[in-house]
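Me: I have a structure to go through with you, and I'd like to ask how its labels are justified. Could you set each value against its definition as we go?

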Amino acid sequence: MAGSRLPRRLFLQGVAAVFMFAFASLYTQIPGLYGPEGILPARKTLRPQGKGRWQQLWETPTLLWEAPRLGLDTAQGLELLSLLGALLALGALLLSPLRHPVVYLLLWAAYLSACQVGQVFLYFQWDSLLLETGFLAVLVAPLRPASHRKQAPQGGRAGALPHEDLPFWLVRWLLFRLMFASGVVKLTSRCPAWWGLTALTYHYETQCLPTPAAWFAHHLPVWLHKLSVVATFLIEIAVPPLFFAPIRRLRLVAFYSQVLLQVLIIITGNYNFFNLMTLVLTTALLDDQHLAAEPGHGSRKKTTTSWPKALLATLSLLLELAVYGLLAYGTVHYFGLEVDWQQHTIHSRTTFTFHQFSQWLKTLTLPTVWLGVASLAWELLSALWRWTQVRGWLRKFSAAVKLSLVSTATVALFLISLVPYSYVEPGTHGRLWTGAHRLFGAVEHLQLANSYGLFRRMTGLGGRPEVVLEGSYDGHHWTEIEFMYKPGNLSRPPPVVVPHQPRLDWQMWFAALGPHTHSPWFTSLVLRLLQGKEPVIRLIQSQVARYPFHKQPPTYVRAQRYKYWFSQPGEQGQWWRRQWVEEFFPPVSLGDPTLETLLRQFGLQDKSPPRARSANSTLAQALHWTRTQLSPLEAPALLWGLLVAIGAVRVVQALLAPWSLRSSPLAPASGEKRRPAPHKDSGAASEQATPAPNPCTSSSRTARRKK
C-alpha cells in the first residue's frame, strides 16, 4: 500500500485552518454573546463550588478557571483563548515545525474550554466534530519532522515510522461514522420528505442561511431534486463502507464522491467550517501515490509481471467492477429508477418500507463494527511488520515503545467511539462490550467521541418559519430590526459568509421552529435590546449606524413569526416572499411584568453584579485595544482577509523555495549531477542517494557566483 505522508500533512494543515476559522469567528461574537452585557454572560457558568482545583478542572474542563489569576473575567479570558488559538492555528498552518502534538493539544484544550462556557450557542455538531478531529490531530502530528529522522525502517517507506499510520486510520473511521450516521438518521427519523425523496425541494429554501446559489438550485426540476436525494443516500449510506476497501481505486472513488457532496453543500449553503472539516477528514482516503508524492512512480518502465501478481490484479479489477455493478443495481432497484425518454426525465421512488430498512439496519450495524475491527487489525499487523524491519536494537526498542503507546491509544479511542456510533441502532448499542461503555462514560465530558446525524428531519415543509424582531417608541408604530445574515428584507439577496458562523442568526432559525419558551435565551436578547446594549446590537448589525434604534433604545420590543418562500423567477428585485403567521413574542418594555416573569422563570435575572475589573491590568488593556482595532471589520471580511493573507504567504514561500535550495550548502552546484547510490545486496537497508563529492569545488563555486 502507498504511504500516507502527504495526506497526513494535508490533514494537519486542514485541522489548523479550521481551528483558525473557528477561533476567529467566535472571537468576533464574544462580547455580544458572553460578555457582561451579552445575551448569556459566560461568568454565570463558572461558579466555584468549594471543590479542589484539579477536581473542578476535571469535572468542568476549561482553562477559563484560571482567568481571575490573570486579572480577567470569564469573557475576557475567552477572548484571550480565542486570539491565542487563532494565532497558534495560523502558525501551525504556515510553519511545519508548529505541527506538533503539543500545539494541537493546546488548540483542542482551548476550544474545549470555550465549549464549556459556550452554552446553547456552541451546542452544534460541528463544534463536537472539531473537538474530536482536533484530538486525533494530537496523535497524528509527528514528534519530529520527517527531515530530522536518521533512518527509515528496512523495506519501508522513506522516513516512515512503524506507528505513523495508526492514528490516521482513526480519521478514516471518524469520517465513516459521520457520513454513515448522517445518511441512516434521515430514514430512521421517518421524515416524509426524505422517504418521499422530496427533501431537496424544501432544503435550499428552508436551510438556516442559504446562499444566492440556493435560489437557483431551488428552481431546478423536481425530478432532479428527487434524483439528488437518491444520490445523497448512495453517497452517505452505500459508499462509506468503501473507505475500508483493500482496492485503492474504490477508496479514491469514495473520496471523490464525498468531495462532490461537500462542495455542492458549500455552494448552496452557509455551513461555516463544517463542510471544510469534512473535506479535511477525506484526506484519510488518499495516499502519497495519488498525490504525486512518489516522484517517478508513473514514469517507471513496465516490467514483466509474475503470474500470481497478474492474477491478483485481474481479481481486483473483477471485484471492483462487481462493486460498481452492485451499487448501480441496488440504486435502481431500491429507488425504482426509470428513464422517461419522452419527457427526458428520470423517475424515482422508494421501493422499501420503514420496517424493511429497520431490519436491514439491525442486520448491518454490527457487521460495520466488525468491519472497523478487521480494518484496524490489519493496520496493527502492518505496523508490527514494519517494526520487525527496523535495524539496530536501540532503534528497535524505541520504535517498540512508540508503537505500543500509539497502538493502545488507537484501540482505546476506537472502543470509545463504538458507543456513540451504536446510537444509530439501539439493539447494537445494547450488545456492545461493557468495557467500551465504561471507557466512554469516563471521558464523555471531554468529547473525544461523539454521535452525529445531520439533517435528520426536513423542517419548513409549509414554508420557512422566520422570527422578525420589531421595536417601537410608542407601541403603535413598529420598525423591523433587520439582521445582517438571516432572511428579513425581501429584496436583499442571501449572503455568503463561509467560513464564519453567525451564532445568533443560527439560533434565531432554531427559535422559529417552536414557541419562544423553547428558546430561553430569546428573552435575554429582548432585554438587551430594550437596554440598548451595544455588544448585542453589533451581533445584529456590525455597523451600529445601520441599526434603526442606534440613537435611542426602543421603548417596546416584540417579535412576529412569518413564513418565507423564495421568489419566483419572474419577480424582479425580489428574493423572498412572506406571509404573517402569528405573534411570536408579546410587546414588552423594561419593567414589564411579563418580561420580569420570563426572566425569573428562565433564571436570567442577574442578581450578582459583575466583579470590578482592574483597569490597570496590562493584559485587559491589550485585549481592549485589540477589540477596538478589529471591531470595525465584519466577521466574514476578517476571515476572508486571513484567507487572502495565507494565500499570499504561501505564494511567497513557493517563490522563495528554489532560492533557499540554491543557497543551501548541501545543494549541488549548477550543472552538477547527483551520482546514483551504489546498489547493495537485497538484505541491506536501502539508503537515500547522496551528492557525489566534486573535486572541482572551487571552480564550481566560481561558476555559481558568475551566474
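Reply: Happily; here are the labels, one at a time. This is a predicted model, in which local features need pLDDT of at least 70 and side-chain atom pairs count only at pLDDT 80 or more, while totals for chains, interfaces and linings use all residues. Residues are numbered from 1 along each chain as its sequence is written, and side-chain values use heavy atoms, with hydrogens and water left out.

Me: Why is Leu197 called buried?

Reply: Buried means under 20% relative accessible area, exposed over 50%, and partly exposed in between, using a 1.4 Å probe and protein chains only. Leu197 has 0% relative accessibility, so it counts as buried.

Me: What is Leu197 in contact with, leaving aside its neighbours within four places in sequence?

Reply: A contact is heavy atoms within 4.5 Å. On that rule Leu197 is in contact with His225, Lys226, Val229, Val230, Phe233, Phe335, Ser348, Arg349 and Thr350. Leu197 itself is found in the loop between helix H8 (192–195) and helix H9 (200–206); helices here are DSSP runs of H or I with at least four residues, strands are runs of E with at least two, and both are numbered from the N terminus.

Me: Why do Ser617 and His163 count as buried?

Reply: Ser617 has 11% relative accessibility, so it counts as buried. His163, at 15%, is buried as well. Ser617 sits in the loop between helix H22 (593–601) and helix H23 (618–630) and, not counting residues up to four places away in sequence, touches Leu70 and Gly71. His163 is in the loop between helix H6 (125–140) and H7; leaving aside neighbours within four places in sequence, its contacts are Lys402, Leu403 and Val406.

Me: How many of the protein's residues are buried, as a percentage?

Reply: Buried residues make up 48% of the 707 residues in the protein. The protein has 25 helices and six strands.

Me: What makes a set of residues a nonpolar core, and where does the largest one lie?

Reply: A nonpolar core is a set of buried Ala, Val, Leu, Ile, Met, Phe, Trp, Tyr and Cys residues joined through side-chain atoms within 4.5 Å. The largest such core has 177 residues, of which Leu469 and Phe522 touch the most other members. Helix H7 (residues 165–188) gives the most to this core, with 14 residues. Domain 1 (1–145) and domain 2 (464–604) both give residues to this core, so it lies between them; the domain bounds come from an automatic or database domain assignment. Leaving aside neighbours within four places in sequence, Phe522 is in contact with Val467, Leu469, Met508, Ala559, Phe584 and Phe585. Apart from this core lies another, of seven residues, among them Tyr27, Leu72, Leu80 and Leu83.

Me: How do you know that H15 reaches close to its expected span?

Reply: The expected span of a helix is 1.5 Å times one less than its number of residues. Helix H15 (residues 354–388) has 35 residues and reaches 51 Å from its first C-alpha to its last, close to the 51 Å expected.

Me: Where does H15 bend?

Reply: The bend at a residue is the angle between axes fitted to the seven residues ending there and the seven starting there. H15 bends by about 25° at Leu364, and Pro367 follows within four residues. Its buried residues include Phe357, Leu361, Thr365 and Glu379, and what covers the buried residues of H15 includes H7, H8, helix H16 (393–421) and helix H17 (426–431).
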